[in-house]
Amino acid sequence: MLHAPQWKPDVLGEGFRSLTLDLEADDEGPVVATLVSFLPPSPLVPAAGTVDAVLYLHGWSDYFFQAELARFWAGQGVAFYALDLRKYGRSLRPGQSEGYVSDLAEYDADIEAALAAMEEDVRVRYGTGMRTTLMAHSTGGLVAALWADRFPGRLQALILNSPWLELSGSSMLRFATNGLLEPVARRRPKARLKIPEFGFYYRSISSAMDGEWDVDPRWRPPFSFPVRAGWIKAVLAGHARVAQGLDIRVPILLLASAASTISPVWNPDMLRTDSVLDVSLMVQRGVLLGPEITVYRFEGALHDTLLSALQVRTRVYTGMERWARAFMLPD
């Protein structure tokens, strides 16, 4: 006997629901992903009779908490969903290695389960099908781009918010790092690497410090989750694939800050620049994703452009709405 999905009220409050998606267990036990939804009262239904939906993927050492983003899409008549990937945020279970996978393709199962649940939710609520735009941030942007390339014809559009498409520095640094990692990742894939972590980005976003956002330090800690050899090797493999060039045949929007400030010491410029990734290198790699790419760079933007100061993120939302009306949403 089939049971209806058990959506529950979400921690984000009124209008938000979450659904646990059971995935195949691994060597650490049961594995789940968590789908969060925020639906418009009046969805945008084009002549084709399908509802537009956005699925959002978070970045490394992160989870979905951007309620403002959900309300933005709902205001466009778009059904909004976000996915806390396996071993992150709402999906993290005791005894699991936070954020760990040995291959970014492991997230295919998370995304497929989310899309199936979204399709069922849209069908039950609106009596129609859906067409999907994938939106993703940072490491989630790398995951999303690789997925879109492997599974053509599944998306309406792709929106990448400061995607991590290359190791900061250069491809030569990636080659060198990969060579050093190989024996460790092969023998002890979950070995923790000693990588300096300064917590400057958390300082720039958290309302407990210099930011304005209420983030749960259990799910978005001040310092990164442990970086493990097998995980970083999987990321480097993804970077290498991007460097070869992808062939994503849908409109792509890349959002980024106008500048980066990457330093081992605190700099006030980190409150108005990307303090995590090299945005120039990001854009260089971004144009390799497919034939139809729009790049918007914003003065004063943080690594997550939509967590920037109000004046800045207002410009980001304006640009995103303009692009969506041109490339994603019906007239």
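What follows is a conversation about the pockets, cavities and helix contacts of a predicted model.

Colleague: What makes the largest pocket a pocket, and what is its volume?

Modeller: A pocket is an open set of points, while a cavity is a set from which a 1.4 Å probe cannot get out. The largest pocket has a volume of about 1,200 Å³.

Colleague: Which residues lie nearest the centre of the largest pocket, and how many line it?

Modeller: The lining has 43 residues. Ile 195, Pro 196, Glu 197, Ser 224 and Val 276 lie nearest the centre. Three elements each give two or more residues to this lining: α4 (171–187), α5 (200–205) and α6 (229–244).

Colleague: How is the lining of the largest pocket divided by class?

Modeller: There are 26 nonpolar, 12 polar and 5 charged residues. Ile, Pro and Val count as nonpolar, Glu as charged, and Ser falls among the polar.

Colleague: What is in the second largest pocket, and which residues are closest to its centre?

Modeller: About 240 Å³ of space lies there. Of its 13 lining residues, Leu 12, Tyr 63, Phe 65, Asp 214 and Val 215 are the closest to the centre. By class, the lining has 8 nonpolar, 1 polar and 4 charged residues.

Colleague: How many cavities of 30 Å³ or more does the search find?

Modeller: The search of the whole structure finds 2. The largest cavity holds about 60 Å³ of space. The second largest cavity has a volume of about 50 Å³.

Colleague: Which helix gives the most to the lining of the largest cavity?

Modeller: Helix α3 (residues 139–150) does, with 3 residues. Thr 139, Gly 140 and Val 143 are in the lining. So are others, including His 58, Trp 60, Tyr 88, Tyr 107 and Trp 231.

Colleague: How do you know which class Gly 59 and Gly 140 of that lining fall in?

Modeller: Gly counts as polar. The lining of the largest cavity has 7 nonpolar, 4 polar and no charged residues.

Colleague: What lines the second largest cavity, and which classes are there?

Modeller: Among its lining residues are Pro 163, Trp 164, Leu 165, Glu 166, Asp 278 and Met 282. The classes are 6 nonpolar, 1 polar and 2 charged. Glu and Asp count as charged, and Glu 166 and Asp 278 are in the lining.

Colleague: Why is α3 called oblique to α6?

Modeller: The two helices pack at an angle of about 55°, with axes 10 Å apart. Angles under 35 degrees count as roughly parallel, and 65 to 115 as roughly perpendicular. The angle of about 55° is in neither range, so α3 is oblique to α6.

Colleague: Which residues make that contact, and is the crossing left-handed or right-handed?

Modeller: The crossing of α3 and α6 is left-handed. Thr 139, Leu 142, Leu 146 and Asp 149 of α3 make the contact. From α6 come Trp 231, Val 235, Gly 238, His 239, Arg 241 and Val 242. The contact residues divide into 5 nonpolar, 3 polar and 2 charged.

Colleague: Where do α1 and α8 meet, and at what angle do they cross?

Modeller: The axes of helix α1 (residues 67–75) and helix α8 (residues 310–327) come within 12 Å and cross at roughly 35°. This crossing is right-handed. On α1 the contact is made by Glu 68, Leu 69, Phe 72 and Trp 73. On α8 it is made by Arg 313, Tyr 317, Met 320, Glu 321 and Ala 324.

Colleague: What makes 3 residues of that contact charged?

Modeller: Glu and Arg count as charged, and the contact includes Glu 68, Arg 313 and Glu 321. The other classes there are 6 nonpolar and no polar residues.

Conventions
Residues numbered from 1 in each chain as written. Predicted model: local features only at pLDDT ≥ 70, side-chain atom pairs only at ≥ 80, totals over all residues. Heavy atoms only, no water. 1 Å grid on protein atoms, 1.4 Å probe; cavity = no way out; pocket = protein on both sides within 12 Å on 5 of 7 lines; lining within 4 Å. Points joined across faces, edges and corners; volume = space filled by probe spheres on them. Helix = DSSP H or I, 4+ residues; strand = E, 2+ residues; numbered from the N terminus. Axes fitted to C-alpha atoms, helices over the stretch in contact; angles between N-to-C directions. Parallel < 35°, antiparallel > 145°, perpendicular 65-115°, else oblique. Left-handed = near helix turned anticlockwise from the far one by under 90°. Contact = heavy atoms within 4.5 Å.
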